[in-house]
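Q: Could you walk me through one part of this model up close? I'd like to follow a few charged side chains and see what they pair with.

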Amino acid sequence: MLYYLGGLLSEVAGSVSVLRGLSRLLQSYAVLIVLALYAGFFITWKFLPKFYRFLPTDRGREFTINAEAAKGKPTGSGVVFITMFVVLALLIVPMDLQQVGILALTWIMMLTGFLDDRSTKGWGEYLKAVLDLLVTVAAACLLAYTIARDDPEGKIRFWLPFIKNPIAVPSWLYIIITTILLWTSVNTTNCTDGVDGLSSSLVLFALITMATVFYIVLGHTDIASYLLVPHMHSGASWAAITFCLSGVLLGYLWHNAYPSKVLMGDAGSRALGFYLGVMVMLSGNPFMFLATSTIIFINGGMGLLKVFLKRFFHISIFKNVRFPLHDHMKKNHGWSPAQVLIKFLTLQVLVTIAVLGMLFKIR
């Protein structure tokens with residue numbers, strides 16, 4: 001890892017000023033963030049096209065508007081850029097048990113999606129739901145254990161709007177909340193992946209938002225104290241990891257911009273949704289989900305809720321609205337893919353700024 005290489009250089013540098021300067025650079029999280037972001041982008045931008053011939057081709061999605069436009073394109077490219085992300089993050093950023101575990105589970109979530117992408121018939125909804133549950137419960141237990149371990153009193157705490165001091169949460173309740181939020185994030189992000197550049201752009205904005213919050217607010221002792229939020233000692237390293245994922249996602253988006261040449265498939269969308277949900281729970285405030293994923297949830301999650309209520313309770317809602325919502329806007333309002341992307345992203349920017357202001361200042 002570059003960080004530990006910097007430490008090794010500081011031990012052998014002696015009076016050599018160049019080596020001392022290099023060691024300090026390699027142990028600066030600001031430098032690691034820049035390296036992670038740019039390395040992720042350039043490596044993915046350069047090498048992703050070389051894997052197209054090894055990827056499965058898109059089969060089209062049932063009930064999706066203009067599904068034929070995606071048929072035949074290489075899909076499942078998440079297996080490439082998520083793997084690149086994991087390797088780069090391990091090489092650049094110093095890791096602890098929590099971070100290594102989350103990277104491993106992110107890769108496993110990607111793998112379940114990729115196996116579905118390459119399946120000739122596609123996996124059933126219930127099989128995917130069970131796999132999602134297994135991975136999200138594992139992540140929830142890992143987070144609960146490591147957060148309680150690192151707390152001086154062995155507790156898990158949430159900081160919430162309208163409440164000045166953090167509140168302790170029982171481990172069992174934290175695991176339930178985390179599992180539900182991660183499962184929601186995985187599946188709503190997956191449902192949003194239907195317009196070139198839409199899912200990746202929304203997730204990219206969310207990742208950069210969370211990485212900035214972790215580096216500037218949660219990872220900074222004085223700023224966290226001023227805003228009455230708990231300081232997170234690993235905030236800077238999580239920010240570097242998240243900027244690494246932002247970099248590879250930028251590299252993918254270069255090739256996925258309309259008209260796309262490659263699709264991320266379930267391999268990408270499920271892993272991205274999982275990681276984004278983890279970042280929300282690591283922040284210590286589940287309402288950060290509104291800052292990262294409001295439009296993703298409305299676009300994809302309301303469709304899941306509609307199907308759930310209809311299938312299991314015979315309750316019909318939004319009868320005249322097609323979900324994912326981007327399909328409704330294209331078919332019923334004549335929006336082009338570019339209009340869907342720009343308008344959805346604009347709405348998310350407005351929501352994010354409002355939610356962050358409320359969460360950090362209305363205490």
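**A close look at some charged pairs**

A: Let's start with Glu153, which is exposed at a relative accessible area of 55%. Here, exposed means over 50% relative accessible area, buried means under 20%, and partly exposed lies in between, using a 1.4 Å probe and protein chains only. Before we go on, please keep in mind that this is a predicted model, where local features need pLDDT of at least 70 and side-chain atom pairs count only at pLDDT 80 or more, while totals for chains, interfaces and linings use all residues. Residues are numbered from 1 along each chain as its sequence is written, and side-chain values use heavy atoms, with hydrogens and water left out.

Glu153 has a partner: its side chain meets that of Lys155 in a salt bridge, 3.8 Å from N to O. A salt bridge here is a side-chain nitrogen of Lys or Arg within 4 Å of a carboxyl oxygen of Asp or Glu. Lys155 is partly exposed, with 37% relative accessible area. Now the picture widens, since salt bridges with shared partners join Glu153 and Lys155 with Asp151 and Arg157 into one network.

Within that network, Asp151 and Arg157 form a salt bridge of their own, with the closest N and O atoms 3.1 Å apart. Asp151 counts as buried at 16% relative accessibility, whereas Arg157 counts as partly exposed at 27%.

How many salt bridges does the rule give? The count comes to seven. Another of them links Asp116 and Lys128, at 3.4 Å from N to O. Asp116 sits in helix α5 (residues 97–118) and Lys128 in helix α6 (residues 125–150), so this pair ties together parts that are 12 residues apart in sequence. Helices (H or I, at least four residues) and strands (E, at least two) are DSSP runs, numbered from the N terminus. Are the two partners buried or exposed? Asp116 counts as buried at 4% relative accessibility, and Lys128 is also buried, at 18%.

So, to retrace our path: we began at the exposed Glu153, followed its network through Lys155, Asp151 and Arg157, and ended with a salt bridge between Asp116 and Lys128, both of which count as buried.
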